[in-house]
Structures are given as C-alpha cells and as structure tokens.
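Welcome! Please take a moment to look over the sequence and the fold, and then we can walk through a few spots together.

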Amino acid sequence: MGWRINWYNKRSAKKYGWHPFWFAASEFDQVLEIRVREFQKSCGLDDDGMVGPKTYRRILTQVSRFNEQEKTDQNTKGILCNGIIKEIGWEDVKLDLIKPGCYKKYKSERKPTMVVTHWDATLSAAMCKKILEKKGISTHFVIDNDGTIVQLADCNDITWHAGNRRVNNASIGIDFSNAYYTKYQKTYVKRGHGERPVLKDSVVHGVKLKPHLGYYPKQIMAYKTLLEFLHEQYGITLTCPTKDGRLLSGVYKPAVAAKFNGIVCHYHLTRGKIDTAGLKLDEIIYQLKEYTNGSKD
C-alpha cells in the first residue's frame, strides 16, 4: 500500500506544485505519509496519507500564511535540518531545494563532522543551482552575492559536492557565489552588486595564482553566521587545517579521509581544486571563537 501512496503523492506534487518539506519531510517516503496523516487528522480530514485536493488546499493555506509571516518578520528565517526549520538569526535566508536525484536521502539522523567550502564559479546562486542540476550533483548552501543564504538541500541529506564519497557522507557543503575570473567584474557592477575585492596574493598547493575575484563582505558575514549555526547544531568544531600557526594551503590528509572535525576548503581535499583561494579561513574561525567565547562570559 505504501508504494501506491508514494506514487499518488508524486503525481499530486507534480500537479499542484507542493513539496514534501511542506509537511516537514524531505522525500516521498513513509515519513511523508506519516506526516500527511498527522496533518490530515489535525484538520479533521480523512487520514489516508494522500495529498488530494482538500489536503492540498489546507496545507497551501498554512504555507501561504507562513510565507507572509516571513515577509514581515525577517528574523524568523531558518535552516532546514531533518525536516525541521531551525532559526539562524540571519535576515536573508532562502529555501530553494535542488531537484531529487542530485543528492542522497539519509534515512536516519545524520551527524556531519565537517564543512567543505567551495566557490561555484558562476555569477549567482540561481545559476549555480541550474548548473548543479544539469550535472546531477549538489551542495547544501550557496551564499549569493548579496549575502542571502540559499539552501539547496536539507542538512540531513547527503549532497555530492566534494568528489569524495567519505567526505560527502560526513560533511556539509557551502558554496560562495563567485565567478572567480576578473573579466566578470564589470558584470557584477552592471548587475548592481558593486565591485568585488580582487585578490592578488593567493597561493594554493605552492603555486601563486593570478589575480582573481574575492568575496563580498556581506558574503563573509553570512558565512560566519552559517558556520556558527552548524557548530551549534552539530558540534562541528571551529577549527581548520593549519601549519606553523597559519592556514594550510594544500591537501590535508585527515580531511581527505573524513577523519577531521572542522572546516576546510575544497583544496584541502585534492590537488585538483583551488577553491576557496584567498578565503582567510583561519582568521574567520579565530573571530568566531572570540565571539562565541565572549558571548559565554
């Protein structure tokens, strides 16, 4: 019987445009069926687990009210963790889930131990999502040019962002929207974002890179907020690979083996990547530690 309900709900979702997360679920599975039945009972509807016209109209009303509340109260924005929205305390958060098939659904509660930081090499979060879907891969978050945290996957899902199965299973992926090449500077200005910082002293894997685009201050602020949230939510340690007290600019073997608890850049996992060159991860983490320690005093 379960497969028939799932089949019906998939057709219903395609017809009406709803998503499992409307019912605090992430996939078309037994969890969704249970959540739909609970919702139907609370509304006095037949609890058959299937989202028919009546159930859809009821849930649409609730979602619409929630969206209106979000518009008037920006501080209620949150992050989707195992089907539950949790407050983050950042004014610009957008849930824009990537299509099924680009990530792996984790059946129980996941406990990630790492954050892997990337850049998307595109001009916007929306463009990043389109390219990821075309390639059939994913990341959990993209930090857009204006500092909006765009969530593409539930933190409990396994996204395919690191090119390493063990790391994917153990990590959260965060991308900066950043086209990297300085030739795109005019495009950013034309679109109203202003000039990006240009980084001229980046060194990765022992090689000095050509000048490239850096990160907007608002993006860095959003990144810090997201790291702090993931630290509090999952206990991911506020630390990064270092050597002689400075950020390591090459491969870090414990991270490659998914045996590191902390925050890394993509280049810490493979010599084939240079993202996120120029990101002062050690300074960011130091500032976060200072803030969190100060808030506890």
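In which helix does Tyr 8 lie? Tyr 8 belongs to helix H1, which covers residues 2–16. Keep in mind as you look around that this is a predicted model. Together with Trp 3 and Trp 7, Tyr 8 makes up a nonpolar patch on the surface, and the accessible area of the three together is about 390 Å². Tyr 8 itself counts as partly exposed, because its relative accessibility is 30%, and partly exposed covers the range between under 20% and over 50%.

Now let us turn to a residue in a loop. Thr 139 is found between helix H4 (125–135) and strand S6 (141–143). Is Thr 139 buried or exposed? With a relative accessibility of 1%, Thr 139 counts as buried. Its side chain makes a polar contact of 3.0 Å with the side chain of Asp 175, and the side chain of Thr 139 also reaches the backbone oxygen of Gly 173 at 3.1 Å. If we set aside neighbours within four places in sequence, the residues in contact with Thr 139 include Leu 132, Leu 152, Thr 159, His 161 and Ile 174.

Further along comes helix H7, made of residues 217–234. At 1.5 Å a residue, its 18 residues should span 26 Å, and the end C-alpha atoms are indeed 26 Å apart, so the two values agree. Several residues of H7 are buried, among them Ile 220, Tyr 223, Leu 227, Phe 229 and Tyr 234. Just after H7 you will meet Gly 235, where phi is positive at about 75°.

That brings us to the backbone. Most residues other than glycine have a negative phi, and most peptide bonds are trans. Against that background, a few places deserve a look. Asn 82, in the loop between strand S1 (78–81) and strand S2 (84–87), has a positive phi near 55°. Asn 82 is partly exposed, since its relative accessible area is 34%. Ala 258 also has a positive phi, near 60°, and lies in the loop between helix H8 (253–256) and S16.

Where can you find a cis peptide bond? Look at the step from Asp 275 to Thr 276, where omega is near 10°. Thr 276 sits in the loop that runs between strand S16 (262–265) and helix H9 (281–296).

Key: Residues numbered from 1 in each chain as written. Predicted model: local features only at pLDDT ≥ 70, side-chain atom pairs only at ≥ 80, totals over all residues. Heavy atoms only, no water. Helix = DSSP H or I, 4+ residues; strand = E, 2+ residues; numbered from the N terminus. Expected span 1.5 Å × (residues − 1). Buried < 20%, exposed > 50% of the residue type's maximum accessible area, 1.4 Å probe, protein only. Patch = residues over 30% accessible without salt bridge, like charges linked within 9 Å, V, L, I, M, F, W, Y side chains within 5 Å. Areas by Shrake-Rupley, 256 points an atom, 1.4 Å probe, with all protein chains shown as cover. Salt bridge = Lys/Arg side-chain N within 4 Å of Asp/Glu carboxyl O. Polar contact = N/O pair within 3.5 Å; in protein donor to acceptor, adjacent residues only side chain to side chain. Contact = heavy atoms within 4.5 Å.
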